[in-house]
Amino acid sequence: MPMSCTEIRAILPAYVEDKASLDVRRHLPGCPGCSEELARYRGLVAGLEELGGIPLEAPPGLAISLAELPFQGRPLAKIKTHVARNRPGYFVSGLAALGATGAAGAALWHRRRGRAIAA
Amino acid sequence: MRGQKKVRERSLTELVSAETVERCKQGDRAAWDALVEATYREVYTLCLRVLRDEQEAADATQDTYLKVWRGIKGFRGDAAFTTWLYRVAMNAALTRNRGNSRRRAIEVAAEPEALVALPASDSTEAAAGARVELGVLETALASLPEHYRVAVVLRDVYGRSTAEVAEALGISETAAKVRVHRARKKLKSMVYPDDSSPEE
């Protein structure tokens, strides 16, 4: 029993690559709709292959940091990236450290002042 | 169709000569500069297409070149240098893809100059196929769900075999095929807005 257009179209994404289905080969000559569908898949796959040859725009300075990468003690750009990413964390930690130091200082000051008054 | 991958790798190979690779093995800084300059855009692009995050892609590109620098002395030239470079880049991008869930979606457009300079394909199959606008295709690719996008990028954009895709993603070959086919189907419905065929 011949396959329906719905069944044929379900296997076209594979057929565009391997052309293994005899059912599809039999169906296509008599079906302009499915033939057009196959043409779209072919165009799509050809377009994807073409994309592979088109580089996208890289960030400015990337080539320089890559070229310098092996010739520095530590990968500077990586460190910069790490710092930039964790900036909010460093800020919060800094504030917490500042707060803790302030609280300790205030406690010490109060203690000394209490002793001075008692004396 | 898979022949175009060989053309791309050959053109890159011409830019990275065996002599350049040999000089890099000796620690020649000028040769390393030349190697980076000839290849970094392609490596960054591969990483960006897998990760869809500019910062992640730049980091994966750095991971790639660090590994290449550390491993180049052991590179014996059994395969083309660029084949090895692509493999290292693919692994670096996939490692970051697996390990980092913090990702922001970005809209990426192909370089207009590159699109203008693109020669018309003369393959029979492409001639028999419907012409696709590459800028539209790049945008559609970026908006695919991650598991479909990575599979179709490796298979159709970079011409890796189904076995290689399966190995890289840690899935069976059958699962890799299914992902690629579903990705093509989704892409087709995005690229052709009048498309009426049912989606999976």
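Over which residues of chain B does the pLDDT stay under 50? Select residues 1–7 of chain B, where pLDDT (the predictor's confidence in each residue, from 0 to 100) stays under 50, and where the model has nine contacts beyond four places in sequence, a contact being two residues whose C-beta atoms, placed from the backbone, lie within 7 Å.

Before going on, note that this is a predicted model, in which local features need pLDDT of at least 70 and side-chain atom pairs count only at pLDDT 80 or more, while totals for chains, interfaces and linings use all residues. Residues are numbered from 1 along each chain as its sequence is written, and chains are lettered from A and ligands numbered from 1 in the order in which they are written.

**Confidence**

Colour chain B by pLDDT: the mean is 80, and 74% of the residues of chain B reach 70 or more. Then select residues 101–127 of chain B, a stretch with pLDDT below 50 that has 42 contacts in the model beyond near neighbours in sequence. For the complex, the predictor gives an ipTM of 0.74 and a pTM of 0.70.

**Chain A**

Show chain A as a cartoon, and six helices and zero strands appear, where helices (H or I, at least four residues) and strands (E, at least two) are DSSP runs numbered from the N terminus. Of the 119 residues in chain A, 26% are buried, meaning that 20 or more other C-beta atoms lie within 10 Å of the residue's own, with C-beta atoms placed from the backbone. Among contacts in chain A with a separation of 6 or more, 50% join residues 24 or more positions apart.

Next, select A:Arg9, which lies in helix α1 (residues 5–18) of chain A and counts as buried because 22 other C-beta atoms lie within 10 Å. A distance drawn from A:Arg9 to A:Gly30, C-alpha to C-alpha, gives 14 Å in space for a separation of 21 residues in sequence.

**The nonpolar core**

Now select B:Tyr44, B:Leu46, B:Cys47, B:Ala89, B:Ala93 and B:Ala151, the residues with the most contacts inside the largest nonpolar core, which has 62 residues; such a core is a set of buried Ala, Val, Leu, Ile, Met, Phe, Trp, Tyr and Cys residues joined through C-beta atoms within 7 Å. Helix α3 (residues 29–51) of chain B supplies the largest share of this core, eleven residues. Centre on B:Ala151 and, leaving aside residues up to four places away in sequence, find that B:Ala151 touches B:Val165, B:Leu169, B:Ala176, B:Arg179, B:Val180 and B:Ala183.

**From α3 to α4 in chain B**

Move to B:Arg52, in the loop between α3 and α4 of chain B. B:Arg52 is not a glycine, yet has a positive phi of about 55°. Most residues other than glycine have a negative phi. B:Arg52 is buried, because 24 other C-beta atoms lie within 10 Å.

Beyond this loop, select helix α4 (residues 54–71) of chain B, whose 18 residues reach 25 Å from first C-alpha to last, close to the expected 26 Å, the expected span being 1.5 Å times one less than the number of residues. Buried residues in α4(B) include B:Glu56, B:Asp59, B:Tyr65 and B:Val68.

**Two domains**

Finally, colour domain 1 (3–99) and domain 2 (112–191) of chain B separately; the bounds come from an automatic or database domain assignment. Their contact takes nine residues from domain 1 and eight residues from domain 2. On the domain 1 side, the elements giving two or more residues are α3 and α5 (81–99) of chain B, and α5(B) gives the largest share, four residues.

Technical notes. A residue is buried if 20 or more other C-beta atoms lie within 10 Å of its own, exposed if 12 or fewer, and partly exposed in between; C-beta atoms are placed from the backbone.
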